[in-house]
Amino acid sequence: MTSVSPRQGPIRVGVVGLSASGGWAAAAHVPALAGLDGYELRALSASTAESARAAGEKYAVPLAFGSAEELARSEEVDLVVVTVKVPHHLELIRPAL
């Protein structure tokens, strides 16, 4: 039987829908992740690359993507969190699944 060693370091989180103008992700998810041991807000995606860059700068998130697909493909993201309105969840989480 082969065993798999646990990954060292925090779980690297990518947030879909984090906006520089605020919103649910900024008000709830960013502070919650900051207060949890073992998790790191590593990436975000927004509706455009420009919007993602602005949010990345505002919240000091190192990786910013213009789409959920790009975020999901990143080798630097272990966990994807979708924070947009519920009717859009399926289409945005599907790339991560």
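The following exercises, with worked solutions, treat the fold and packing of one predicted model.

Residues are numbered from 1 along each chain as its sequence is written. Because the model is predicted, local features need pLDDT of at least 70, side-chain atom pairs count only at pLDDT 80 or more, totals for chains, interfaces and linings use all residues, and side-chain values use heavy atoms, with hydrogens and water left out.

**Exercise 1. Chain layout**

Task: State how many helices and strands the protein chain has, and give their pattern along the sequence.

Solution:
- Step 1. Helices (H or I, at least four residues) and strands (E, at least two) are DSSP runs, numbered from the N terminus.
- Step 2. The protein chain has four helices and four strands.
- Step 3. Along the sequence the pattern is β-α-β-α-β-α-β-α.
- Step 4. Of contacts (heavy atoms within 4.5 Å) between residues at least 6 apart in sequence, 60% join residues at least 24 apart.

**Exercise 2. The sheet**

Task: Determine the strand order of the open sheet and identify its edge strands.

Solution:
- Step 1. Two strands pair if DSSP finds at least two bridges between them.
- Step 2. S1 (11-16) and S2 (39-45) run parallel and are joined by six bridges. Valine 13 has leucine 41 as its bridge partner in S2, and valine 16 has serine 45.
- Step 3. S1 also pairs with S4 (residues 79-82), again in the parallel sense, over four bridges. Here valine 15 stands opposite valine 81.
- Step 4. The order of the four strands is S3-S2-S1-S4, with parallel pairing. The edge strands are S3 (63-65) and S4, each of which pairs on one side only.
- Step 5. From one strand to the next the twist averages 30° (axes are lines fitted to C-alpha atoms, and angles run from 0 to 180 degrees between N-to-C directions).

**Exercise 3. Helix H1**

Task: Find which residues of H1 are buried and which elements they pack against.

Solution:
- Step 1. Buried means under 20% relative accessible area, exposed over 50%, and partly exposed in between (1.4 Å probe, protein chains only).
- Step 2. In H1 (residues 24-34), Ala25, Ala26, Val30 and Leu33 are buried. Seen down the helix axis they fall within an arc of 80° (taken from the directions from the axis to the C-beta atoms), so they line one face of H1.
- Step 3. Trp24 and Ala27 are exposed, on the face turned away from the buried side.
- Step 4. The buried residues of H1 pack against S1, S2 and H2 (49-59).
- Step 5. As for S1, five of its six residues are buried, so this strand is largely enclosed by the rest of the structure.

**Exercise 4. The nonpolar cores**

Task: Identify the members of the largest nonpolar core that touch the most other members, and the element that gives the most to this core.

Solution:
- Step 1. A nonpolar core is a set of buried Ala, Val, Leu, Ile, Met, Phe, Trp, Tyr and Cys residues joined through side-chain atoms within 4.5 Å.
- Step 2. The largest core has 15 residues, and Val15, Leu18, Leu41, Leu44, Tyr59 and Val61 touch the most other members.
- Step 3. S1, H1, S2 and H2 each supply at least two residues of this core, and H1 gives the most, with four.
- Step 4. A second, separate core of eight residues includes Val16, Phe65, Ala68 and Leu71.
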